[in-house]
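Reader: I would like a close look at one part of this structure. Please take one helix and follow what it touches.

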Amino acid sequence: MRQIVIDPVTRLEGHLKVMVTVDKGVVCDAQIAGTLYRGFETILAGRDPRDAVFLTQRICGVCPADHATAAALALDVACEIEVPANGRLLRNIILGANYLQSHITHFYHLSLADYVVLPETAPFIPHYRGDFRLNQAATDKLGSHYFTALAIRRKCHELIAHFAGKMPHQAAIVAGGTSRNASPERIQAAKSLLEEIAAFINNEYEEDVRLLARAYDDYFSMGKGCGNLLTYGAFPLNDASTEMLFNSGIFLNGQVEKMDPALITEDVSHAWYAAGSEGSPDAVHTVADPAKSGAYSFVKAPRYGNAVCEVGPLARMWLSGIYTNGISAMDRIVARMLEAKVMTRSLERWLREVNPENACEAEVHIPWEANGVGMTEAARGALGHWVKINRGKIERYEAVVPTTWNASPRDKNGRMGAIESALIGLPVPDEANPLSVVRTIHSFDPCLACAVHLITPDKPLGQFIV
Amino acid sequence: MRSLDRREFLHLCGATGTALGLSQILMPDIIEAFSGPAAGHPPVVWLQGGSCSGCSVSLLNSVGPEIGEALTGVISLKFHQTLMAAAGDQAMDVLGQVRKQYAGQYYLVIEGTIPVAADGKFATLGEENGRAVPFVVRVKEMARDAKAVMAVGSCAAFGGIPAAYPNPTGSKSVGEIIRGVPLVNVPGCPTHPDWVLGTLLHLIHYGVPELDALKRPKLFYNTLIHDICERRPAFDEGHFAHRLSERGCLYKLGCKGPMTYADCPSRKFNNNVNWCVGANSPCLACVEPSFPDDSEPFFIKMKEYGPAGTATPQPHTGRITGGGN
């Protein structure tokens with residue numbers, strides 16, 4: 001048995017480390033951990049509740065619109081606000097366009113180097129060697145699309161900036177709706193950007209994913225993990241939010257069920273947090289304890305009942321009935337691409353529906369005391385913000401983010417997190433080039449700035465550091 | 001290859017007060033003037049500490065030059081966790097190689113804070129002999145042999161949100177950690193790609209640009225937002241918005257433009273598409289050391305500075321925009 005440590009796992013947002021134990025060329029144990037903690041929840045206490053939108057979006061530079069959406073939804077609930085039509089539509093457009101940016105960035109700029117040898121120059125050298133299967137023509141094509149995709153993902157952000165001032169760290173999503181209404185000129189500019197983005201997604205992105213899926217079809221049976229898929233639902237299609245683009249739901253032990261938010265808890269038995277940091281997200285007080293024994297991660301372990309769940313585009317596509325081919329590393333990549341296609345059509349619809357004559361912002365009065373929960377879907381999966389307001393200030397804030405679900409450590413029952421369990425059984429024929437491990441981790445599109453945590457190395461085995 | 005002298009470069013960067021920035025006009029000149037054989041591109045190491053990666057993501061939005069051209073034709077980005085192909089020790093070895101091969105020649109960029117509480121456990125990067133290495137150790141190690149250091153983003157430059165009260169991770173700015181090597185602060189939450197690439201190119205080709213008291217390049221951080229804001233006429237006429245979605249100056253809704261030095265109103269973000277105030281959203285003074293604690297509450301009017309009745313409430317420089325120095 002050998003232990004392989006990859007620290008840092010690169011090409012993802014934030015700091016991630018993985019330790020896998022390999023026995024006879026197969027992964028038999030895995031621990032995954034991030035190596036950064038910032039304490040956002042502690043910082044938020046005592047501040048003006050409205051500031052939570054702009055502060056929490058700065059948890060992550062890749063998914064700021066997503067955090068802003070969750071924070072605004074939580075405040076809408078706490079302040080009992082009904083968001084007017086344009087507020088809803090513009091929020092959808094801002095978040096939806098960020099899905100496109102995020103998915104394109106994930107495939108071309110974070111994942112591709114696992115499957116394709118990019119130009120032999122910095123920052124693409126050095127790289128792992130071995131199992132690269134595409135011929136020169138395909139390699140060159142995908143390599144050139146890396147650069148085309150840089151421009152396309154930039155245009156996704158330009159689309160957002162028309163309505164939200166700038167991106168990353170949009171400026172328009174606020175409690176009560178959005179700060180600025182859409183003008184006909186902005187809508188027109190966004191439509192032409194979307195046309196160009198959609199053409200790339202429906203042609204290059206789709207073809208490139210198909211090419212990769214054919215060449216690496218064994219990855220359809222690798223990296224399954226826990227097998228449970230969870231989504232909170234997102235993108236309201238009417239003002240009452242009774243109809244959503246993605247419905248909430250859970251695929252649990254092979255059955256599709258309704259999702260009950262009351263069953264979501266956080267476990268800290270293996271996470272560096274003090275007692276009181278566990279339980280229901282609307283009641284926990286998160287306090288870091290980096291000296292806690294038995295812990296190996298600063299990521300908490302969210303659970304649904306006792307179940308471990310995977311979140312992300314595959315969960316959404318599965319529970320929407322759009323894609324139910326399977327749960328694997330490659331299925332995640334395919335589902336992400338399909339979702340981008342769905343999103344381009346939805347964005348077209350929302351850009352048509354925005355009528356500059358309608359209001360975008362409701363008046364907000366911060367209550368003396370209130371609770372709010374904002375549940376949505378970040379590009380990477382289920383995202384929830386829980387806020388408690390007391391004396392008109394934030395008393396407690398808790399964010400349970402997609403990568404906390406996916407990259408969670410073991411819980412009190414010893415159950416591994418979704419990524420940890422997805423690594424079990426992976427073949428690692430060459431320990432110096434553990435491509436199957438990084439491919440499977442990247443298939444979840446981890447975002448560690450959101451899911452901060454730490455690790456102390458304990459090393460009972462002969463260690464083989466890659 | 002045509003040479004671009006410093007004067008022309010500053011002009012292109014918009015230092016002369018033109019509304020156009022790097023994004024609009026620099027690309028052909030930058031590429032022409034600064035391109036060279038791949039091996040000869042100046043080596044750049046980019047480390048991320050207590051960050052959200054937003055400044056990196058923003059850099060990807062660069063249009064002048066496009067980031068793909070910058071990466072392959074202008075600089076040699078040896079280390080950047082989000083972009084590099086290598087992982088694990090293969091990636092960490094790059095740091096050692098750069099220090100050895102390019103001692104005194106490479107440019108070090110730090111994004112994010114440097115947390116020092118709990119023995120640096122709150123941010124680590126890679127391992128040595130099976131033990132996680134605190135980010136602060138990496139920064140000191142890499143800064144020692146760098147030609148110059150850029151603190152990119154408000155977290156690296158001044159502490160930003162991670163260092164906000166009560167600073168649970170003991171987060172420090174780069175300036176509080178490193179000594180003896182030229183340092184330039186390029187704050188912003190996030191930074192504009194022009195600020196980052198413009199400063200980097202100035203460092204590479206003309207040395208340290210002219211800095212203000214907070215070590216920010218005057219090239220980009222020399223104008224009070226309030227003085228060049230498109231809504232300044234509304235302020236002067238007393239036409240204030242009372243709800244975000246109304247027309248008018250956002251001063252009474254918390255805009256911190258009168259205490260903030262940056263060229264956002266003329267440069268704008270995302271390929272000149274828009275900026276915060278353009279979206280009816282108050283300036284958060286995100287480039288100032290006071291961000292976020294003294295910018296908050298974001299939607300409440302800032303304290304007034306200067307004598308009552310003056311058109312421009314001038315900040316008390318030492319107290320409001322000062323701090324670090």
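Author: The model is predicted. Before the helix, a word on the other chain: chain B is divided into domain 1 (6-221) and domain 2 (223-325). Where these domains meet, 23 residues of domain 1 of chain B are in contact with 18 residues of domain 2 of chain B.

The helix to follow is H5 (136-164) of chain A, and the place to start is the contact between the chains. That contact takes 74 residues from chain A and 70 residues from chain B. On the side of chain A that touches chain B, the elements giving two or more residues include strand S1 (2-6), helix H1 (40-44) and helix H5 (136-164) of chain A. H5(A) gives the most to this side, with 11 residues. By class, the side of chain A that touches chain B has 41 nonpolar, 17 polar and 16 charged residues.

H5(A) also packs against a helix of its own chain, H6 (residues 184-215) of chain A, at an angle of about 155° and with the axes 9 Å apart. Angles over 145 degrees count as roughly antiparallel, so H5(A) is roughly antiparallel to H6(A). The crossing of H5(A) and H6(A) is left-handed.

Among the residues making this contact are A:Ala138, A:Leu142, A:Ile152 and A:Phe163 of H5(A), together with A:Ala189, A:Leu193, A:Ile197 and A:Leu211 of H6(A). Charged residues take part too, including A:Lys155 and A:Glu158 of H5(A) and A:Arg186 and A:Asp208 of H6(A). Counted by class, the residues of the contact of H5(A) with H6(A) are 13 nonpolar, 3 polar and 6 charged.

Technical notes
Residues numbered from 1 in each chain as written. Chains lettered and ligands numbered in written order. Predicted model: local features only at pLDDT ≥ 70, side-chain atom pairs only at ≥ 80, totals over all residues. Domains from an automatic or database assignment. Contact = placed C-beta atoms within 7 Å. Helix = DSSP H or I, 4+ residues; strand = E, 2+ residues; numbered from the N terminus. Axes fitted to C-alpha atoms, helices over the stretch in contact; angles between N-to-C directions. Parallel < 35°, antiparallel > 145°, perpendicular 65-115°, else oblique. Left-handed = near helix turned anticlockwise from the far one by under 90°.
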